[in-house]
Structure formats: C-alpha cells, structure tokens
Amino acid sequence: MSAPTAIPPTPEVLAAALLFAAEQARTPPAPEYLEVSEDVARRLVHARSEGLCERCGSAWATDWHHRQNRSQGGVWCPSNGLDLCRSCHADIGQFPTPAYVAGFLVRRFAIPANQPVRLHLHGWSLLNRDGSVHLLHDRSIL
C-alpha cells in the first residue's frame, strides 16, 4: 500500500491557519491564567509582600487588591492580587490613571501575569501564579 498523497492547502486554509497561529501567540500560557482558591491566593500574596504594603512599603498590608477587577474578568490568582495598606488601596481607586501606569490596575482584556507592576520591595516585576516575582531590570524592553 502506498503512502497517501498530501493535498496542498487552499489559500483560505492557509489564511485560517495563520489567523489561528496568531491567536495562539496572543493566548497566555494556561497555568498563569487559572484561578486558585481565595485562601490560597491570599496566603501566597501575603508571603510575597512579607506583610507590608506592596505599593508604599511603609505600612502593614491590610487589604487584598485585585489588579483586574472581578467584574472585569479578574480571578483569584497571585498574579492578579496585591497586598496593600488601606490608604494605598483607597488611592488606587481614587487616582486610577497613575495606578494603571504603575501596574496596580490592569485593563479588562489584559492578562495580569503579563502586565508589569512597580512593587515597593522588588521594583518593576511580573507577578507569577505561584506568588513569586520575575524582576524586570530594564523597563525599556516592555
């Protein structure tokens, strides 16, 4: 029995394959996109912050903050959460423009794990699902 002969794809099939590949390139890796329980997310973020506000570093963290609001698709995940003091949490809500610039807020269709944030302890960082941080030494590459 001879091997089947490959049929060359039509231009429409090639275009669809290219669109699919482009969409896959924009799709986040599954592990960073998965939700964890609220309790696990809170414990991992609190360990990352060492109990201090991740924005100012001068007060104890008392509030959990979703970088991407739950109403906008944000999930319980350390890459989407920050440990903040009450004052910094209020400032983020009151002054959203600088909060977006610093990564404390993330737009609706963005992926929090891919959005840098300026943390007091670590500087510019990407937040990982396991509660760790990936330090960004040169923000100009973003």
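Are W64 and W76 buried or exposed? Both are buried; buried means under 20% relative accessible area, exposed over 50% and partly exposed in between, with a 1.4 Å probe and protein chains only.

This is a predicted model, in which local features need pLDDT of at least 70, side-chain atom pairs count only at pLDDT 80 or more, and totals for chains, interfaces and linings use all residues. Residues are numbered from 1 along each chain as its sequence is written, and side-chain values use heavy atoms, with hydrogens and water left out.

**Exercise 1. Lay out the fold.**

Task: State how many helices and strands the protein chain has, and in what order they run.

Solution:
- Step 1. Take the DSSP runs, numbered from the N terminus: helices are H or I with at least four residues, strands are E with at least two.
- Step 2. The protein chain has five helices and five strands.
- Step 3. Read from the N terminus, the order is α-α-α-β-β-α-α-β-β-β.
- Step 4. Turn to burial: 33% of the 142 residues of the protein chain count as buried.
- Step 5. Turn to contacts, meaning heavy atoms within 4.5 Å. Take those between residues at least 6 apart in sequence: 54% join residues at least 24 apart.

**Exercise 2. Describe the aromatic pair.**

Task: Give the geometry of the W64 and W76 pair and place both residues.

Solution:
- Step 1. A pair of aromatic rings is described by the distance of the centres and the angle of the planes.
- Step 2. Apply the cut-offs: rings of Phe, Tyr and Trp (its six-membered ring) pair if their centres lie within 6.5 Å; planes under 30 degrees apart are stacked, over 60 edge-to-face, the rest tilted.
- Step 3. The structure holds one aromatic pair. W64 and W76 form it, 4.9 Å centre to centre with 40° between the planes, which is tilted.
- Step 4. W64 is in strand 1 and W76 in the loop between strand 1 and strand 2, so the pair ties together parts 12 residues apart in sequence.

**Exercise 3. Sort the nonpolar cores.**

Task: Find which residues touch the most other members of the largest core.

Solution:
- Step 1. A nonpolar core is a set of buried Ala, Val, Leu, Ile, Met, Phe, Trp, Tyr and Cys residues joined through side-chain atoms within 4.5 Å.
- Step 2. The largest core has 13 residues, and L82, I92, F104 and V117 touch the most other members.
- Step 3. Strand 2, helix 4 and strand 3 (117-119) each supply at least two residues of this core.
- Step 4. Leave out residues up to four places away in sequence; F104 then touches R55, H65, R67, L82, I92, A99, V117 and R118.
- Step 5. Another core, of five residues, lies apart from the largest one; among its members are A41, V45, W64 and W76.

**Exercise 4. Work through three salt bridges.**

Task: Place the partners of R70, R42 and R86 in the chain.

Solution:
- Step 1. Side chains of opposite charge can pair when their charged atoms come close.
- Step 2. The rule asks for a side-chain nitrogen of Lys or Arg within 4 Å of a carboxyl oxygen of Asp or Glu. By this rule there are six salt bridges.
- Step 3. R70 pairs with E35 at 3.0 Å, N to O. R70 is in the loop between strand 1 (63-66) and strand 2 (81-84), E35 in the loop between helix 2 (30-33) and helix 3 (38-49), 35 residues apart. R70 is partly exposed at 43%, and E35 is partly exposed at 41%.
- Step 4. R42 pairs with E38, the closest N and O atoms being 2.9 Å apart. Both lie in helix 3, four residues apart, about one turn of the helix.
- Step 5. R86 pairs with D63 at 2.8 Å, N to O. R86 lies in helix 4 (residues 86-94) and D63 in strand 1, so parts 23 residues apart in sequence are tied together. R86 is exposed at 58% relative accessibility, whereas D63 is buried at 10%.

**Exercise 5. Examine Q68.**

Task: Describe the surroundings of Q68.

Solution:
- Step 1. Q68 lies in the loop between strand 1 and strand 2.
- Step 2. Its relative accessibility is 5%, so Q68 counts as buried.
- Step 3. A polar atom of the Q68 side chain lies 3.0 Å from the backbone oxygen of A110.
- Step 4. Set aside neighbours within four places in sequence; the contacts of Q68 include G73, N80, F109 and P112.

Methods:
Polar contact = N/O pair within 3.5 Å; in protein donor to acceptor, adjacent residues only side chain to side chain.
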